[in-house]
Every structure is written in structure tokens, then in C-alpha cells.
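Thanks, everyone. I have one structure to walk through today. Let's put it up.

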Amino acid sequence: MMLEIWLQVIVLSCGVFFTANGAFVGVNIGTDISNAPSAADIVAILRTLKITHVRLFDADAHLLSALSNTGIEVMVSVTNEEVLGIGELPSTAAAWINKNIVAYVPSTNITAISVGSEVLTSLPHAAPILVPAMNNLYKALLASNLNDRVKVSTPHAMDVISHSFPPSTATFNTTANSTIIQILQFLKNTKSFFMLNAYPYYEYENSNGIFPLEYALFQPLPPVKQIVDPNTLFHYNSMFDALVDAAYNAIAALNFSGIPITVTETGWPSLGGPKEHDATPVNAETFNSNLIRRISNDSGPPSQLSIPINTYIYELFNEDKRPGPITEKNWGLLYTNGTAVYDLGLSDSDSNSSQVFCVARPGADAGSLRSGLDWACGPGQANCDVIQQGQLCFVPDTLQNHASYAYNDYYQKKRTSGGSCDFGGSAVITSVDPSKFLIRLIAISLCIVMSTSLC
């Protein structure tokens with residue numbers, strides 16, 4: 001796919017990723033996708049989005065080469081399949097470091113290695129070899145004089161912590177304690193950080209209605225729904241902060257301190273199956289937009305206010321080849337064809353947050369959308385000229401986008417005289433402007449030869 005096509009999507013979020021004063025928001029880049037863009041195109045997207053930190057789930061040679069001389073900080077990964085060999089033989093660890101680190105630095109700015117993925121909960125039989133693998137990698141870095149530049153750690157799922165609420169009483173599962181203690185001692189000795197995969201989506205889904213959706217999405221809670229730790233009286237404005245604080249308290253319960261936490265994965269799925277009702281584009285946009293705002297505060301959770309929470313969003317692309325439920329394939333900011341799943345909506349400083357728009361409801365069936373579109377463009381008198389072939393807002397050429405444009409055009413014209421946002425149940429109110437989405441998408445393609453960004 002041509003670079004111009006891929007670059008069409010990224011103006012929607014341009015400038016929303018940043019390095020704050022000590023805090024950053026990065027992205028994970030998965031590879032279980034069909035028709036993936038080239039490594040060079042991926043890097044072009046990262047640079048235009050101004051993404052400063054990325055995490056790879058392996059050590060892909062093409063991406064590592066393409067990231068050369070960009071300044072982007074890169075976290076590479078040892079796969080779960082590689083952990084055993086690296087843990088058993090120092091020579092295997094040395095070979096891995098020479099091939100995947102030494103061969104690329106300093107031109108590629110590799111700053112961290114994540115060893116395995118949630119090994120203690122997904123591969124508990126490999127737990128005894130995890131810390132030896134980390135040690136062998138560190139010693140190989142030391143031999144290459146890269147131990148200060150490249151940190152070694154391992155990501156943990158929230159499942160490694162028992163009873164995460166209230167955060168003040170959180171502890172690690174006793175079955176993992178001996179390995180966790182060794183990991184924490186390693187992190188302390190090497191001045192590294194604790195990697196946490198914290199997903200409010202899963203915690204909310206598994207809470208059986210105990211916590212409100214607003215709490216998981218960083219949205220304000222009414223006084224009667226405030227979340228307070230009864231032991232510390234800390235107020236938690238988001239489930240994200242509570243999960244990070246639970247990890248800090250679990251670390252403290254083992255008598256360790258001074259080890260910062262980096263959230264290596266978090267996000268919200270934009271599409272789910274019949275029983276995954278809260279996996280919607282609106283909720284995904286709300287979560288990630290509010291997450292970015294939260295990290296920009298450059299503060300930690302209530303118990304560690306002075307330690308910012310460096311965070312990686314999961315993920316850049318929808319991974320359509322991933323097995324499992326529908327949600328597993330729909331965590332990305334971009335579709336596999338290069339279009340944006342939703343507009344993060346943070347690049348327009350002059351936007352009116354009180355304004356609302358009428359768009360096609362996620363998951364609405366094609367028949368209802370077609371009927372709604374025909375009515376809006378006919379009796380509803382919406383201006384549908386711009387979504388005709390060859391016109392400004394024809395692309396993306398999907399029923400969902402065309403219906404959203406027509407619905408909103410009708411709603412904005414007729415709402416004051418009784419017009420509603422329903423269209424046979426195929427429409428929904430949102431704060432994300434669909435007309436701005438479509439117009440800016442095309443504008444970038446027209447201007448790509450003159451400018452690398454419209455931000």
C-alpha cells in the first residue's frame with residue numbers, strides 16, 4: 001500500500017502523543033495482521049503521529065532498521081518461546097543481545113527489553129527460568145557496555161495480584177511470591193522498572209457491576225459513586241490509577257520501594273461479540289483520549305504522586321489474525337486497511353466540548369443503515385452531494401461513514417425544530433465530529449505532496 005494512503009489516517013490524532021515532563025504515552029505494535037504496511041511506512045506513521053516510544057512484541061529486524069536515526073525509543077521483546085533457551089544458556093542470551101541489540105544501537109534507540117509476556121500467569125511452568133533469563137541478558141548487556149542504556153524487565157498481568165481493591169491491601173499471589181521477590185531484587189539492583197499490563201476493560205467486565213463504567217473510562221463520578229480506599233481514604237478517580245496503586249502496594253508488601261511502574265499495555269477494544277456490549281468505538285475513543293489526558297498530568301497514582309506513569313497504548317493496528325473472541329482483534333487505533341478506527345479528538349484545541357453529533361451506531365446492521373441513509377438524503381433533506389463518488393467526503397467509501405455524515409448533516413439542521421438522532425435505532429449521539437473526521441481525512445491526501453503533516 002502506498003505511503004500516501006497510510007498517511008491519510010494519521011492527521012486525526014496528530015500531536016496527541018507526546019513526551020510530557022517525565023511522562024510519555026507510547027504504543028504497542030503487534031504483527032498478527034493481514035496486508036501489513038511496510039516497516040518504512042509504519043515508521044512514517046509513527047513520526048507523523050509524533051510518537052516517541054514504541055514497544056515491539058519481538059525484535060523484528062525490518063522495524064529495527066527502519067527506526068534507525070528517528071530518535072524514537074524502542075522496547076524490544078524476548079518472546080515466550082525464547083525465554084527457556086536464554087534462561088538455560090548464557091551463550092544463547094549473548095547471541096540474542098548481539099543479534100538484536102548490539103547490531104542496531106546507537107542508531108536505533110533501543111532502551112528496554114521486555115522478557116516474555118505475562119510469563120508468571122500464562123506460562124507458570126516457565127517461572128523458574130524467567131529470572132535466570134533476565135540475568136543472562138543483563139550480563140550480556142554488561143559485557144557490551146550497554147547495561148546502563150538498555151533496561152531489562154518482564155511484563156506482568158494484573159492476575160499476578162490478588163484482590164486489587166482496595167489498593168492498600170493488594171498483595172501478589174502467594175504462589176508467585178518467590179519468583180516476584182527475585183524479580184524485584186533484580187529490578188532494584190539494575191535500576192530498572194516494573195512492567196504492568198493494566199486493562200480497566202477486563203477489570204470492569206469481571207466486576208459484575210460493582211464498579212461503574214465511568215470509573216473505567218476516566219469519566220467524572222457523582223458524589224454517591226466516589227471510589228475511596230477505606231484504609232488510606234485515597235480517592236480514586238479512575239480504575240487505571242487504582243490498578244497501578246495496587247501494584248505499588250503489592251511491591252511494598254514485599255518490602256521493596258523505589259521501583260517505578262511502567263504500564264506496558266492498556267487500552268479498550270472498539271468492537272466485541274454479542275456479550276461484549278461495552279467494546280465500542282465510542283468507549284475506546286473515550287478511554288484512550290482520557291488516558292492521554294491523564295498521563296499528561298505528569299503525576300502518579302494517589303500513593304505515589306511524584307512518580308509519573310509512563311504508558312503504552314495497546315495497540316497501533318487492529319490485529320485481525322489474532323485468535324480468540326472478537327475483542328482480541330479490535331484494540332487498534334488503526335484498521336488493517338489504514339483507516340482510523342476512531343478520532344482521538346485531541347488535536348483540535350478550538351473544539352467545543354459541549355457540542356454533540358449524530359452518527360451511525362456501531363454494530364448497526366447494513367439494512368437499517370441503508371434505510372436511514374436513504375431517508376436522510378431524501379425526505380430528510382441532508383446535503384449528501386459531498387459523499388457521492390468523486391466528491392470531498394466519498395472516502396472512506398463505507399456505509400457506516402456515509403450514514404454518519406448524512407445523519408449528522410440532518411441532525412444539525414433539524415434538531416432545533418424537532419429533528420431527532422434515531423433513524424430506526426441505527427444512530428447514536430457522540431461528541432466526536434464525523435464531518436471533521438471525513439473532511440480532514442481527504443484534506444491530508446490532497447496536501448501530502450506539499451506537507452508531511454497538517455498539524
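What share of the contacts between residues at least 6 apart in sequence join residues at least 24 apart? The figure is 72%. Keep in mind that this is a predicted model. The protein has 455 residues, and 54% of them count as buried. In secondary structure, there are 15 helices and 15 strands.

Let's start with the sheet. Look at strand β9, residues 194-197. Which of its side chains point together? Phe194 and Leu196 go one way, while Met195 and Asn197 go the other. That fits the general rule: side chains in a regular strand alternate between the two faces of the sheet. In β9, residues on both sides are buried.

Now the partners of β9. One is strand β6, residues 155-157, and the pairing is parallel, over three bridges. Another is strand β12, residues 261-266, again parallel, over four bridges. Asn197 is a good place to stop. Opposite Asn197 in β6 and β9's pairing stands Ala157. In β12, Asn197 has Glu265 opposite.

Stay on β6 for a moment. Pro155 sits in this strand. Is Pro155 buried or exposed? Its relative accessible area is 1%, so Pro155 counts as buried, the cut-off being under 20%. What does Pro155 touch, beyond residues up to four places away in sequence? There is a run from Ser114 through Val115, Gly116, Ser117 and Glu118 to Val119. Then there are Arg55, Met195, Asn197 and Thr264. Met195 and Asn197 we have just met, pointing the same way from β9. One distance for Pro155 as well: Phe193 is 38 residues away in sequence, and the two C-alpha atoms are 10.0 Å apart.

Next, the pocket. The largest pocket has a volume of about 970 Å³. Which of its 39 lining residues come closest to the centre? They are Glu118, Ala157, Asn197, Tyr199 and Tyr202. Some of those names are familiar. Ala157 and Asn197 are the pair standing opposite each other. Glu118 is among the contacts of Pro155.

Which elements build the lining? Strands β3 (73-78) and β7 (161-162) each supply at least two residues. So do helices α6 (119-122), α9 (200-205) and α11 (239-253). Helix α11 gives the most, with three residues. As for chemistry, the lining divides into 15 nonpolar, 15 polar and nine charged residues.

On to helix α12, residues 281-296. It has 16 residues and reaches 22 Å from first C-alpha to last, close to the 22 Å expected. How many of those residues are buried? The count is 12 of 16, so the helix is mostly covered, with buried meaning under 20% relative accessible area. The buried stretch includes Asn283 and every residue named from there to Ile292, and Arg294 and Ile295 are buried too. What do the buried residues of α12 pack against? On the strand side, they meet β1 (25-29), β12 and β13 (311-313). On the helix side, they meet α9, α10 (213-216) and α11. Two of these helices, α9 and α11, also contribute to the pocket lining. Just after α12, Asp298 takes a positive phi of about 60 degrees.

That brings us to backbone geometry. Most residues other than glycine have a negative phi, and most peptide bonds are trans. So here are the exceptions to look at. Asn35 has a phi near 50 degrees. Asn35 lies in the loop between β1 and α2 (39-48). At 70% relative accessibility, Asn35 counts as exposed. Asn255 has a phi near 65 degrees. This residue is in the loop between α11 and β12. Asn255 is exposed too, with a relative accessible area of 72%.

Which peptide bonds are cis? One joins Phe165 and Pro166, with omega about 0 degrees. Pro166 is in the loop between β7 and β8 (171-172). Another cis bond joins Tyr314 and Glu315, with omega about 15 degrees. Glu315 sits in the loop between β13 and β14 (357-360).

That's the tour. I'll take questions.

Terms used. Residues are numbered from 1 along each chain as its sequence is written. This is a predicted model: local features need pLDDT of at least 70, side-chain atom pairs count only at pLDDT 80 or more; totals for chains, interfaces and linings use all residues. Side-chain values use heavy atoms; hydrogens and water are left out. Buried means under 20% relative accessible area, exposed over 50%, partly exposed in between (1.4 Å probe, protein chains only). Two strands pair if DSSP finds at least two bridges between them. On a 1 Å grid over the protein atoms alone, a cavity is a set of points where a 1.4 Å probe fits but cannot get out, and a pocket is an open set with protein on both sides within 12 Å along at least five of seven lines; lining residues have an atom within 4 Å of a point. Grid points are joined across faces, edges and corners, and a volume is the space filled by probe spheres set on the points. Ala, Val, Leu, Ile, Met, Phe, Trp, Tyr, Cys and Pro count as nonpolar, Asp, Glu, Lys and Arg as charged, and the others, Gly among them, as polar. The expected span of a helix is 1.5 Å times one less than its number of residues. Contact means heavy atoms within 4.5 Å.
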